[in-house]
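The following exercises are meant to be worked with the sequence and the model side by side. Each task is followed by a solution in steps.

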Amino acid sequence: MSITQQYLLDTYRARQRGELDPPAPGAHDWQVVRELRDHRRFRAVVAGRPARGRTRQALSRWLRRGRPGTAS
């Protein structure tokens, strides 16, 4: 059964019982992404690492050092 079919079945059952419709699939995806980002930032701060810009710093260190296998 696909997600859409399950959603339609749940919606039908909710309407038969007079309950609220369940949220549509994907309705809260961006909220989950934001919460995950906030959680990762929180864990970084608790661990004593910078909460922002870690990827850019790592990439700049890697580029300054030179890529492996190249003469720089």
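**Exercise 1.** Which residue with a positive phi follows α2?

*Solution.* The model is predicted, so local features need pLDDT of at least 70 and side-chain atom pairs count only at pLDDT 80 or more, whereas totals for chains, interfaces and linings use all residues. Residues are numbered from 1 along each chain as its sequence is written, and side-chain values use heavy atoms, with hydrogens and water left out. The residue sought is G48, whose phi is positive, near 85°. A positive phi also occurs just after α1, where G18 takes about 80°. Just after α3, G66 has a positive phi of about 95°.

**Exercise 2.** State the order of the elements along the protein chain, and test the span of each helix.

*Solution.* Step one: helices (H or I, at least four residues) and strands (E, at least two) are DSSP runs, numbered from the N terminus. The protein chain has three helices and zero strands, in the order α-α-α from the N terminus on.

Step two: the expected span of a helix is 1.5 Å times one less than its number of residues.

- α1 (residues 3-17) has 15 residues and should span 21 Å; its end C-alpha atoms are 21 Å apart, which agrees.
- α2 has 18 residues, for which 26 Å is expected, and its end C-alpha atoms are 26 Å apart, in agreement.
- α3 has twelve residues and should span 16 Å; its end C-alpha atoms lie 17 Å apart, which agrees.

**Exercise 3.** Compare the radius of gyration of the protein chain with that of a compact globule.

*Solution.* The radius is taken over C-alpha atoms, and the globule rule is 2.2 Å times the number of residues to the power 0.38. For 72 residues, a compact globule would have a radius near 11 Å, but the protein chain has 23 Å. Along its principal axes, the C-alpha trace spans about 70 × 30 × 15 Å. As for burial (under 20% relative accessible area, 1.4 Å probe, protein chains only), 6% of the 72 residues count as buried.

**Exercise 4.** Which helix gives the most to the lining of the largest pocket?

*Solution.* A pocket is an open set of points on a 1 Å grid over the protein atoms alone, where a 1.4 Å probe fits, with protein on both sides within 12 Å along at least five of seven lines; lining residues have an atom within 4 Å of a point. The lining consists of R37, R40, R41, A51, R52, G53, R54 and T55. α2 (29-46) and α3 (54-65) each supply at least two of these residues, and α2 gives the most, with three.

Technical notes: Buried means under 20% relative accessible area, exposed over 50%, partly exposed in between (1.4 Å probe, protein chains only).
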